[in-house]
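Me: I have a structure open and some questions about it. Can we go through them one at a time?

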Amino acid sequence: MRASHALRWLAGGVLVLWCGVFLRMETTEKSMVRALIVQPNRSGWAVQLLYQFPEAAADASDAVAEIRSCSAEDATLPLALHKAELELPKTANYRLCEYLLFDETASQTDVLELEEFLQTEPVSRLSARVLFVAGIGKLTEETPPDGLPGSGAESEETDAASETLPGALLQAAEDTAARAPHLYECAAGAVIPILEIEENGVTWQKESRLLTAQESTRLSPNETAMAQLLQERTMPVEFALEGETVILRRCVVSVEAEGNGFAVMLTGQRRAGTPPVAESVCRQLEALCEGTIVRTWQSGADLLRLGAVRALKEGPGAFFTTKNACPEVRASVKMLDL
């Protein structure tokens, strides 16, 4: 009995010790990195970390704490990231890092290099959302050099800007996340939203970039909305057409192999009480659908996985890639009456 009693006390002591170590490791004494900003340049890589030093539970992503930024540059991505981490007040923790923000000039090669790096590092955020940011330099300009404070009223204004701008950028990324692809989706070509840092804050641009192995293509607002619709990524979507702005609250996309080409059916639904859509507007949407599919195909992206649709119908021998000429596509649009 004495041995059994001693073992129970020993087990209890080990459990308390383990809990203490666990709680210590999960305390707020860490810099919680919320977003990783990557900017390839001629000399190598520039990296910025948007982080917070929360004053609440470490697993609370909305903990009350200011979002701040730190940056570093070096010849390679691992070195640049390591230097940026040295600027943090505490040890970096990437558990809440859900956004990877790239300079708008980044290529798919740059994105895939980051993906390869993250596969072998503790950061490991392959499910993070990818966005482009225009005007990243303004984020660095707001921070005094070497982290030293200025003086007088100018210092107070600069400190206020440096405290609010990183937070605004993170908030904009959160608001746009549903439109953004995951990092692991970018190898096949992806439509990536664009955030722009301006004097008055951060705004989401209705345009986007199609990132493929061939090139980075700027898509217009209507092409962006159609690409998002075809990928069924987020709703609602808005189109600024001739004479009318159309907002689709829901839309079902169906694709069928038809002869040597494909038939694409868009069945849309608008908000209750909205006037019926004219036939001319439906024809504009059909033309936009066909044009977007062809343009993205020529840039190296198969938004509707047409090759897989063909292979499913006729067998693996019928499979083709975006390196071939774009097959004929016939789009039809139908609006449901509520």
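Reply: What follows is a short run through a sheet, a pocket, a salt bridge and some backbone details.

Me: Is this model predicted or what is its origin?

Reply: The model is predicted.

Me: OK, start with the open sheet. In what order do the strands come?

Reply: The open sheet has three strands in the order 12-13-14, with mixed pairing.

Me: Which strands stand at the edges?

Reply: Strand 12 (250-258) and strand 14 (329-335) do. Each has a single partner strand, so one side of each is left without a neighbour in the sheet.

Me: How many degrees are neighbouring strands turned against each other?

Reply: On average 15 degrees, with direction ignored.

Me: How many bridges join strand 12 to strand 13?

Reply: Nine bridges join strand 12 to strand 13 (residues 261-269), and the two run antiparallel. Within that pairing, Val253 stands opposite Leu266, and Ala257 stands opposite Phe262.

Me: And the turn between those two, what does Gly259 do there?

Reply: Strand 12 and strand 13 form a hairpin with two residues between the strands, and Gly259 takes a positive phi near 65 degrees in this hairpin.

Me: Which strands does helix 7 lie across?

Reply: Helix 7 (residues 279-298) lies across strand 13 and strand 14. The angle between helix 7 and strand 14 is about 145 degrees.

Me: Switching topic. How much space is in the second largest pocket?

Reply: About 260 Å³.

Me: What lines that pocket?

Reply: The second largest pocket has 13 lining residues, and those nearest its centre are Trp204, Lys206, Ala225, Val237 and Glu238. Strand 8 (201-211), helix 6 (221-230) and strand 10 (237-241) each supply at least two residues of the lining.

Me: Which element gives the largest share?

Reply: Helix 6, with five residues.

Me: How do the lining residues divide into nonpolar, polar and charged?

Reply: Six are nonpolar, four polar and three charged.

Me: What about the loop after helix 6, where does Pro236 lie?

Reply: Pro236 lies in the loop between helix 6 and strand 10. A cis peptide bond, with omega about 0 degrees, joins Met235 and Pro236. Glu232 has its place in the loop between helix 6 and strand 10 too, and has a positive phi of about 50 degrees although it is not a glycine.

Me: Why point those out?

Reply: Because most residues other than glycine have a negative phi, and most peptide bonds are trans.

Me: Last topic. How many salt bridges does the count come to?

Reply: The count comes to 13 salt bridges. One of them is between the side chains of Glu174 and Arg34, at 3.4 Å from N to O.

Me: What does that pair tie together?

Reply: Glu174 is in helix 5 (residues 152-176) and Arg34 is in strand 1 (residues 31-41), so the pair ties together parts that are 140 residues apart in sequence.

Methods. Residues numbered from 1 in each chain as written. Predicted model: local features only at pLDDT ≥ 70, side-chain atom pairs only at ≥ 80, totals over all residues. Heavy atoms only, no water. Pairing = 2+ DSSP bridges. Helix = DSSP H or I, 4+ residues; strand = E, 2+ residues; numbered from the N terminus. Axes fitted to C-alpha atoms, helices over the stretch in contact; angles between N-to-C directions. Contact = heavy atoms within 4.5 Å. 1 Å grid on protein atoms, 1.4 Å probe; cavity = no way out; pocket = protein on both sides within 12 Å on 5 of 7 lines; lining within 4 Å. Points joined across faces, edges and corners; volume = space filled by probe spheres on them. Nonpolar A, V, L, I, M, F, W, Y, C, P; charged D, E, K, R; others polar. Salt bridge = Lys/Arg side-chain N within 4 Å of Asp/Glu carboxyl O.
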